[in-house]
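Please open the model in your viewer and keep a selection tool at hand. The tour below moves from one selection to the next and says what is found at each stop.

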Amino acid sequence: RATAGECNVPFVNVRIEDVLDPYMGMSERKLHSAFQFARASAPCVLFLDEIDGLGFARSRHVSATSRTLVDLLLQELDAIGAENDDLLILAATNAPWDVDEALLRPGRFDRRIFVPPPDEEARRHIFEVVSERVPNRSLDARGLAKRTPLYSGADIRALIERATDAVIDEALDGGGEPPLETRHLEAVMPAIHPTTLEWLERARHYVEFANQGGRYSEIETYLKRRDVQRQLGKR
């Protein structure tokens, strides 16, 4: 979305629920319609979310029906019978190892970018942005960022929501309208663990056993960081 905004072009967001349909042939029709709409809107950015769901490895599909969606996606990317001029196609996935190999060949999704969990400075900014929506009293965003390594943006949001619940309970017990304070976040912090750890542990398995072509080299470099290894070692 930010890329489309910087380029001042339309952003076409295709979510997996916008495409997958239980009725035979409907998923393929919806996917084709999304590409047609994007081509009609060109120049634009077409974003396919959860590409592993749309382009799951055909070698692991249990039915021929499921394979047809992947086949169609390949045809749309190759612009067979159409033109993809002025169309920037991006996709995201939390399971790159589940994406069909053909989708990763040159001319398709041949550029892969690993987006790691937010670093300390990014977490500080997330604390500041999310807490703006809640009455608070001088939250120590920098200190909270230091204490939440590997927390994702969603984890930080969950932490603030849990702390806000504690503030509401405090208001019900004592009356008044107490603001959200750093102590509330510190009190609920043990109950909110970084959800990225499970993903990083799974990624480490693929780095160790399926990185012959260097596909996961960025992840491998990230996993070698001392702070990351320290957090993974706590599990």
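The stops that follow cover the nonpolar cores, one helix, the aromatic rings and the salt bridges.

This is a predicted model, in which local features need pLDDT of at least 70 and side-chain atom pairs count only at pLDDT 80 or more, while totals for chains, interfaces and linings use all residues. Residues are numbered from 1 along each chain as its sequence is written, and side-chain values use heavy atoms, with hydrogens and water left out.

**Stop 1: the nonpolar cores**

Begin by selecting F35, L46, L48, L54, L73, I89 and F109, the residues with the most contacts inside the largest nonpolar core, which has 25 residues. A nonpolar core here is a set of buried Ala, Val, Leu, Ile, Met, Phe, Trp, Tyr and Cys residues joined through side-chain atoms within 4.5 Å; buried means under 20% relative accessible area, exposed means over 50%, and partly exposed lies in between, with a 1.4 Å probe and protein chains only.

Colour next the elements that give two or more residues to this core: β1 (11–14), α2 (16–19), α3 (26–41), β2 (44–48), α4 (51–54), α5 (64–77) and β3 (87–91). Helices (H or I, at least four residues) and strands (E, at least two) are DSSP runs, numbered from the N terminus. Which element gives the largest share of this core? The largest share, 5 residues, comes from α5.

Now centre the view on L46, which touches V12, V14, F35, A38, L87, L88, I89 and L90 when residues up to four places away in sequence are not counted; contact means heavy atoms within 4.5 Å. A second, separate core has 17 residues, including V134, I160, V167 and I192.

**Stop 2: helix α3**

Select α3, a helix of 16 residues that reaches 22 Å from its first C-alpha to its last, close to the 22 Å expected at 1.5 Å a residue, where the expected span is 1.5 Å times one less than the number of residues. The buried residues of α3 are S27, E28, L31, A34, F35, A38 and R39. Seen down the axis of α3, these buried residues fall within an arc of 135°, so they line one face of the helix; the arc is that of the directions from the helix axis to the C-beta atoms. An α-helix has 3.6 residues a turn, so residues three or four places apart point the same way. Turn to the other side of α3, and R29, F37 and A40 are exposed there.

**Stop 3: the aromatic rings**

The structure holds 7 aromatic pairs. Rings of Phe, Tyr and Trp (its six-membered ring) pair if their centres lie within 6.5 Å, and planes under 30 degrees apart count as stacked, over 60 as edge-to-face and the rest as tilted.

Select F114 and W199, whose rings have their centres 6.1 Å apart and their planes at 10°, so the pair is stacked. This pair links distant parts of the chain, with F114 in the loop between β3 and α6 (120–131) and W199 in helix α10 (residues 196–209), 85 residues apart. F114 is buried, with a relative accessible area of 16%, whereas W199, at 23% relative accessibility, counts as partly exposed.

Add Y222, which forms an edge-to-face pair with F114 at 5.5 Å centre to centre and 65° between the planes. Y222 lies in helix α11 (residues 217–223), 108 residues apart from F114, and Y222 is buried, with a relative accessible area of 9%. To see the wider arrangement, extend the selection to W97, F114, W199, Y206, Y216 and Y222, which ring pairs link into a cluster.

**Stop 4: the salt bridges**

A search of the whole structure finds 17 salt bridges, each a side-chain nitrogen of Lys or Arg within 4 Å of a carboxyl oxygen of Asp or Glu.

Return to α3 and select R39 with E76, whose side chains meet in a salt bridge at 2.8 Å, N to O. R39 in helix α3 and E76 in helix α5 are 37 residues apart, and both are buried.

Next, select E120 and K146, which form a salt bridge with the closest N and O atoms 3.2 Å apart. E120 lies in helix α6 and K146 in helix α7 (residues 141–146), so the pair ties together parts that are 26 residues apart in sequence. At 32% relative accessibility E120 counts as partly exposed, while K146, at 54%, counts as exposed.

Finish with E121, R124, E128 and R142, which are linked in a network of salt bridges.
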